[in-house]
Amino acid sequence: MNYKQKLNFIIILLIILECLLLAPTITALAAAPSATVYQQKQIHNLNGIGKYYMGREIAQVMGHTGAGWLERPSREAEEQPSKVVNVLNLKPNDVVADIGAGTGYLSFRIAPLLTAGKVLAVDVQPEMLEIIELFKKEKNITNVEPVLATLTDPNLPPKSVDLALMVDAYHELEYPQEVMQGIVKALKPGGRVVLVEYRGENPFILIKGLHKMTQKQVRKEMQAVGLVWRETKNLLPQQHLMVFEKPDSSDLLTR
């Protein structure tokens, strides 16, 4: 073997050794997920946060300074929330989680129906929970319990909730997958999630685009956390009312 052949042999040997040393790293990279749950984009809708989930840009949150809008006198005529309460089919001993409760507008309309139950008014803004505490005293309603959540956790005990209600709130969740996973854990077997969202299919509904959702998109996102779509009620002037259910383990065994 001449000098040139020896040099080529050494180069090839070094290349083989390098590949062997890098193999664990390459394997680890191959095993890593090709995409994260969320995507961030610099150029985005001015009404969004530039964060995307399952193809949908997440809308900006309405802060506690918008509390007056939640309590506006025209809300009943515009949204007919009393119809929402009426179709929930609540039992007196139900535990209802009002997710993104805000001022407790829905919580205080549900609470009188739960004579042996309660409403967990969940929000990430302490200022909103302070408003709920003021309304509790003013209305003399004791079965509404404010719950301070985080951006990723609704802070609810496991298997403690019969119904989780979100009215015009889901589209603003900064971490929708984590929050929904927390809600699913908090639901009792067979527990329900009811989502009320402005109809994204209708361009004539005068709400900013990111504050509307299509039924197709909602169903896709709920399916991703294991919820089963049961029905959509189109009884409201501008919003879908979508009902999902946490499957009972016995139901899964019979399928």
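The following paragraphs describe the predicted model of one protein chain, beginning with the confidence of the prediction and ending with its salt bridges.

Across the protein chain the pLDDT averages 87, and 84% of the residues reach a score of at least 70. A stretch that departs from this picture covers residues 3-34, where pLDDT stays under 50 and where the model shows 1 contact beyond four places in sequence. The placement of residues 3-34 is therefore to be read with caution, since pLDDT expresses the predictor's confidence in each residue.

The protein chain contains 9 helices and 11 strands. Of its 255 residues, 44% are buried, and the accessible surface of the chain amounts to about 14200 Å², with carbon and sulfur atoms contributing 59% of that area. When contacts between residues at least 6 apart in sequence are considered, 65% of them are found to join residues at least 24 apart.

In the whole structure, 8 salt bridges were found. One of them is formed by the side chains of E221 and R56, with a distance of 2.8 Å from N to O. This pair links distant parts of the chain, given that E221 lies in helix 8 (residues 215-223) whereas R56 lies in strand 3 (residues 56-59), the two being 165 residues apart. Both E221 and R56 are buried, so each has a relative accessible area under 20%.

A further salt bridge joins R72 to E79, whose closest N and O atoms are 3.1 Å apart. As in the pair just described, both partners, R72 and E79, are buried.

The salt bridge between E231 and K233, in which the closest N and O atoms are 3.2 Å apart, has partners in another setting. E231 has a relative accessible area of 34% and is therefore classed as partly exposed. K233, for its part, has a relative accessible area of 21%, and because the limit for a buried residue is under 20%, K233 too is counted as partly exposed. Elsewhere, salt bridges with shared partners connect R72, R75, E78 and E79 into one network, and the bridge between R72 and E79 noted above involves two of these residues.

Taken together, the salt bridges described here include pairs with buried partners, namely E221 with R56 and R72 with E79, as well as the pair of E231 and K233, in which each partner is partly exposed.

Key
Residues numbered from 1 in each chain as written. Predicted model: local features only at pLDDT ≥ 70, side-chain atom pairs only at ≥ 80, totals over all residues. Heavy atoms only, no water. pLDDT = per-residue confidence, 0-100. Contact = heavy atoms within 4.5 Å. Helix = DSSP H or I, 4+ residues; strand = E, 2+ residues; numbered from the N terminus. Buried < 20%, exposed > 50% of the residue type's maximum accessible area, 1.4 Å probe, protein only. Areas by Shrake-Rupley, 256 points an atom, 1.4 Å probe, with all protein chains shown as cover. Salt bridge = Lys/Arg side-chain N within 4 Å of Asp/Glu carboxyl O.
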